[in-house]
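Visitor: Please choose one part of this structure and look at it closely with me. I would like to hear what surrounds it, too.

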Amino acid sequence: MKVIKKKKQRGSIILRIAVFAFAAFVAGSLLTQQVQIAEKRRQLEDLQQEIRLQEIKNEDLEQALGDGSDQGDYVERIARESLDYAKPNERVFVNIAGN
């Protein structure tokens, strides 16, 4: 009596292909997630650096205002140029032509 082994081998081959395809999919997904995590970390570092710079500017303005000396014009100029502040009801025009 002969036992048919070819059917078992075909099933085994299909199973191996399916397992390999699943492993490749999982590996690709993990790689994609690692790339996204690295990008988000870089964005977080950039935002933290911007926050630190803004805090330094705020501290400089607070020091200048807290001195009580005659630096009002300097503080106003820094606030207008660096922080884009404006006085209440003041119209600010921006030259978008780059001239």
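**A close look at charge**

Guide: Glu59 is found in helix 1, where helices are DSSP runs of H or I with at least four residues, and strands are runs of E with at least two, numbered from the N terminus. This is a predicted model, in which local features need pLDDT of at least 70 and side-chain atom pairs count only at pLDDT 80 or more, while totals for chains, interfaces and linings use all residues. Residues are numbered from 1 along each chain as its sequence is written, and side-chain values use heavy atoms, with hydrogens and water left out.

Glu59 counts as partly exposed because its relative accessibility is 48% (buried is under 20%, exposed over 50%, partly exposed in between, with a 1.4 Å probe and protein chains only). Together with Glu55, Asp60 and Glu62, Glu59 forms a negative surface patch. Patch members have over 30% relative accessible area and no salt bridge, like charges being joined within 9 Å and nonpolar side chains (Val, Leu, Ile, Met, Phe, Trp, Tyr) within 5 Å. Asp and Glu count as negative, Lys and Arg as positive, and His and the chain ends are not counted; each charge is placed at NZ of Lys, CZ of Arg, CG of Asp or CD of Glu.

Beside Glu59 in sequence, Asn58 also belongs to helix 1, which spans residues 6–66. Asn58 is partly exposed because its relative accessible area is 29%. Its C-alpha atom lies 9.4 Å from that of Leu83, although 25 residues separate the two along the chain.

Elsewhere in helix 1, Arg42 and Asp46 form a salt bridge, with their closest N and O atoms 2.8 Å apart (a side-chain nitrogen of Lys or Arg within 4 Å of a carboxyl oxygen of Asp or Glu). These partners are four residues apart in the helix, about one turn. Both are partly exposed: Arg42 because its relative accessibility is 42%, and Asp46 because its value is 33%.

Helix 2, residues 72–82, offers a similar spacing: Arg80 and Glu76 are four residues apart there, so about one helical turn separates them. Their side chains meet in a salt bridge at 3.1 Å, N to O. At 29% relative accessibility Arg80 is partly exposed, and at 31% so is Glu76. Arg80 has another partner in Glu90, with the closest N and O atoms 3.0 Å apart. Since Glu90 lies in the segment after helix 2 and Arg80 in helix 2, this pair ties together parts that are 10 residues apart in sequence. Shared partners then join Glu76, Arg80, Lys87 and Glu90 into one salt-bridge network. Six salt bridges are present in the structure.

For a contrast in chemistry, look at Phe22, also in helix 1. Phe22 is exposed because its relative accessible area is 57%. With Phe25, Val26 and Leu30 it makes up a nonpolar surface patch of about 420 Å² accessible area (Shrake-Rupley method, 1.4 Å probe; for residues, only the protein chains shown count as cover).

Stepping back, the protein has two helices and zero strands. Of its 99 residues, 5% are buried. About 9700 Å² is exposed, 58% of it supplied by carbon and sulfur atoms.
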